Amino acid sequence: MRQPNNGRGWRAALTAAVLLALVGCTSETVETTTATTTTTSPATTTASVEVTEPTDPGDGLAGSAGLGDPYNPTAGNGGYDVIHYDLDLDLDVATGALAGIATIEAVALEALASFNLDLYDLEVSAVAVDGGAAGFSADDGELTVVANVEPGSTFVVTVGYAGTAGQIAPDSVLIPNGWIRSQDGLFTVNEPDGAATWYPVNNHPSDKATYTISVTVADPYIAVSNGLLQEKRSAGDATTFVYSSDDPIASYLTLIAIGLFDEEPEAGPQGLAIRNYFSSDITDVERRYFARQADMIELFAGLFGPYPFDSYGSVVVDADLSAALETQTMSTFGRGVLGLGEAVVAHELAHQWFGDSLTPSSWQDIWLNEGFATYAQWLWAEHLDGRPTLEDKVREAYGAMSGLNLVTEGVSPELAATRAAQQFPPPGSPPLDNLFNSSVYQRGALTLHALRLRVGDPGFFELLRSYATAYRHKNVSTEDFINVAEEVTGQDLDDLFQAWLYGSVVPSIPDLDLAPPG
Ligand code: TRP
Ligand code: ZN
């Protein structure tokens, strides 16, 4: 799977040299354990490197290798919380060779003798903790760092690494994660687990952090990432693009997109900068789907509260990817998804509120992202064409989710109901091997429409705004949303949410004369 080390030896060597310099010039001495300073095994094998016990374990514990999220139990790590990632990456587009230095500032949640970061298939050359060389080992997506850290203290981990831009196949999704090659470059898609294919990370949405991402690429490539472009530095025939985000980002929402892009700025509402990057192959018809992002922001800001970040934009990659991803402040679109037209543009934008600003702390609650973004698509359609258009969308989704469409095709009501139940599990508990199944999108959106019909438009939009405001830049759970809905409306909504999110049968929508078959 991995490519040989062609032409990237100098980068790895450079990384190690820089790290050694970092280690050497620090004045701060922290008790570090150097029981074993190993390099990882060659990339072609996944052999484990044993870490011996620290000589003085103190009161420290080993931070756990995962946070126990059932959709990927080893994603994320216990014992610390990341505050900031500073990533410095060098990419060779032609070969996919990648060299990086990650400087990670974190707070220890307990006394640690070692802790883990998630990192797939990249070779680590050196690790430092607070400037002192630290022992480490890497195996099967886990980088273990041996260092004593006081509980409550802030510490800085520096990791030098290199390898080839690669992919992983998460158990929970059908779409590959990691690096994808486009016609004119390379880009990442992280949701849910791909971030660890390009940097060492506490790879779980419950640990958001701020980021500085610097990407060096050969001219004339352009590198795009999250946040604001702070600096563009040229050296020789390469350029370094430095981006920073002061608002916290969940690791699945970070991105790097490298390509031969046309940069097309667009005026946003209230002075918000919108900057689109279209692969130069993208047609005018395709570009036009993005022309009304400012209007969409205005609509959603009115319905959900102010746009949560400092900038927005869309990057369209000419790749064989029929999907889009709501990467924070800069949504990513595979050219193949543009057949969906403006709807997908509205969908990814709406995620900036629901998913990006408000991020589920557990993957099970993914309907809080996809159900909301799908409903927002319908709200954009309602805004343009009125309530009947919204109701068409509701009927269409209801027909698919309930099995009514099968009945129309001549299937018996009983069989239709059984088939629908099998194919579209309740959105509040998606199957472990198909997290992004269409029920979290469609039935998730229908849940919101049922709620709107129950509480009325004023209460519905007030509760959406209250929810988006109360949990701005934070993590959320389904329970948090239900609590806000009940507080704002003064109603007991438990029956509605239980039936729509967790019941095996799609509930009726009497207002629209919709009832499940059978
Ligand atoms: N969140 C994406 C959406 O808006 C779906 C998605 C999940 C995805 N994982 C992905 C897209 C990986 C591209 C690549 O619907
Ligand atoms: Zn989505």
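**The shell around ligand 1**

Let me begin with α4, which gives the most to the shell around ligand 1, with three residues. I should say at once that what we have on the screen is a predicted model, and that every value I quote is computed from it.

In this model, ligand 1 is surrounded by 13 residues, the closest being E191, E326, E348, E370 and Y441. If we sort the shell by character, we find seven nonpolar residues, two polar ones and four charged ones. As for where they come from, at least two residues of the shell are supplied by β22, which covers 324-325, and at least two by α4, which covers 342-351.

Which atoms of ligand 1 face these side chains? A nitrogen atom of the ligand lies 2.6 Å from a polar side-chain atom of E191, and a nitrogen atom of ligand 1 is likewise found 2.8 Å from a polar side-chain atom of E326. At Y441, an N or O atom of the side chain is 2.6 Å from an oxygen atom of ligand 1. Of the 360 Å² that ligand 1 exposes when taken alone, the protein buries 95%, and the space that the ligand takes is the largest pocket.

Let me turn, finally, to the salt bridges, of which a search of the whole structure finds twelve. One of them joins the side chains of E264 and R287, with an N to O distance of 2.8 Å. Because E264 sits in strand β18, residues 261-267, while R287 belongs to helix α2, residues 284-288, this pair ties together parts that are 23 residues apart in sequence.

Key:
Residues numbered from 1 in each chain as written. Chains lettered and ligands numbered in written order. Predicted model: local features only at pLDDT ≥ 70, side-chain atom pairs only at ≥ 80, totals over all residues. Heavy atoms only, no water. Near = heavy atom within 4 Å. Polar contact = N/O pair within 3.5 Å; in protein donor to acceptor, adjacent residues only side chain to side chain. Areas by Shrake-Rupley, 256 points an atom, 1.4 Å probe, with all protein chains shown as cover. 1 Å grid on protein atoms, 1.4 Å probe; cavity = no way out; pocket = protein on both sides within 12 Å on 5 of 7 lines; lining within 4 Å. Sits in = over half its atoms within 2 Å of the grid points. Helix = DSSP H or I, 4+ residues; strand = E, 2+ residues; numbered from the N terminus. Nonpolar A, V, L, I, M, F, W, Y, C, P; charged D, E, K, R; others polar. Salt bridge = Lys/Arg side-chain N within 4 Å of Asp/Glu carboxyl O.
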